[in-house]
Amino acid sequence: MHIRFDVPADPAYPGRVAAALGTVRLRRFGYIGAVLTAVGVIGLVVSRGFGWGERMSPLWTTLVIAGVLSMLYRPWVLARARRRSGSYAVSGAYDITDDNIMMRSGSESGGIAWDGVDQVRDVGDFWVVYVGRNPATVIPRWLMSAEDAETLRAFLTERGLLRRR
């Protein structure tokens with residue numbers, strides 16, 4: 001297998017990468033926030049019903065506020081990343097073989113050997129490549145030809161790396 005494709009110097013591209021990585025890493029804040037908000041609301045309702053709401057309402061209110069802020073954290077981080085990343089737009093390229101992924105961006109280049117990759121997740125228009133528990137890079141599928149994307153999907157599936165969302 002040998003897949004090569006270019007990444008244009010698009011100001012929106014770094015923001016899309018940040019959103020793909022943020023979706024994976026920041027999703028748990030939404031779940032935690034939903035749980036905190038639900039517990040806080042239930043606590044407020046129950047404590048008012050039993051007459052000890054005045055003493056406990058600061059605790060439940062704090063849980064609701066913390067939950068809402070936690071749910072808003074992910075959208076805030078993603079918006080900030082998109083806003084700040086526009087100045088990072090440089091052209092680049094990917095060169096993917098049976099042995100490794102080589103990436104070039106501007107004057108920088110680096111690679112990841114497939115032997116070091118633990119998993120790959122399908123996230124929107126990207127495949128997020130993990131080394132250990134951390135996302136190491138993304139592979140933008142929409143920049144590849146359909147043939148190359150299918151070849152890479154088959155390779156990742158054969159190696160047991162590709163996980164569904």
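**Legends: charges and salt bridges in a predicted model**

**Figure 1. Positive and negative charges of the chain.** The chain carries 21 positive and 15 negative charges, and their mean positions lie 15 Å apart. The structure shown is a predicted model. Side chains of opposite charge can pair when their charged atoms come close. In this model, 3 salt bridges are counted. The views that follow take the chain as a whole and then each pair.

**Figure 2. The whole chain and its elements.** The chain has 3 helices and 8 strands. From start to end of the sequence, their order is β-α-α-β-β-β-β-β-β-α-β. The radius of gyration is 21 Å, well over the 15 Å given by the globule rule for 165 residues, so the chain is more spread out than a compact globule. Along the principal axes, the C-alpha atoms fill a box of roughly 70 × 35 × 25 Å.

**Figure 3. Surface, interior and contacts.** Buried residues make up 36% of the 165 residues in the chain. The exposed area of the chain is about 9,800 Å², of which carbon and sulfur atoms supply 57%. Among contacts with a separation of 6 or more, 60% are between residues 24 or more positions apart.

**Figure 4. The pair Asp-6 and Arg-4.** A salt bridge joins Asp-6 to Arg-4, with 2.8 Å between the closest N and O atoms. Are these side chains buried, exposed or partly exposed? Asp-6 has a relative accessible area of 47% and is partly exposed. Arg-4 is also at 47% and counts as partly exposed. Neither value falls under the 20% limit for buried or over the 50% limit for exposed, so both residues belong to the class in between.

**Figure 5. The pair Arg-159 and Asp-115.** Arg-159 and Asp-115 meet through their side chains in a salt bridge, at 3.2 Å from N to O. Arg-159 sits in the loop between helix H3 (146-158) and strand S8 (162-163), while Asp-115 sits in the loop between strand S4 (108-113) and strand S5 (119-123), so the pair ties together parts that are 44 residues apart in sequence. Arg-159 is partly exposed, at 36% relative accessible area, whereas Asp-115 is exposed, at 71%.

**Figure 6. The pair Arg-141 and Asp-122.** The side chains of Arg-141 and Asp-122 form a salt bridge with an N to O distance of 2.9 Å. This pair links distant parts of the chain, 19 residues apart: Arg-141 is in the loop between strand S7 (134-140) and H3, and Asp-122 is in strand S5. Both residues, Arg-141 and Asp-122, are buried.

Terms used: Residues are numbered from 1 along each chain as its sequence is written. This is a predicted model: local features need pLDDT of at least 70, side-chain atom pairs count only at pLDDT 80 or more; totals for chains, interfaces and linings use all residues. Side-chain values use heavy atoms; hydrogens and water are left out. A salt bridge is a side-chain nitrogen of Lys or Arg within 4 Å of a carboxyl oxygen of Asp or Glu. Buried means under 20% relative accessible area, exposed over 50%, partly exposed in between (1.4 Å probe, protein chains only). Helices (H or I, at least four residues) and strands (E, at least two) are DSSP runs, numbered from the N terminus. The radius of gyration is taken over C-alpha atoms; the globule rule is 2.2 Å times the number of residues to the power 0.38. Contact means heavy atoms within 4.5 Å. Accessible areas come from the Shrake-Rupley method with a 1.4 Å probe; for residues, only the protein chains shown count as cover. Lys and Arg count as positive and Asp and Glu as negative; His and the chain ends are not counted. The place of a charge is taken as NZ of Lys, CZ of Arg, CG of Asp or CD of Glu.
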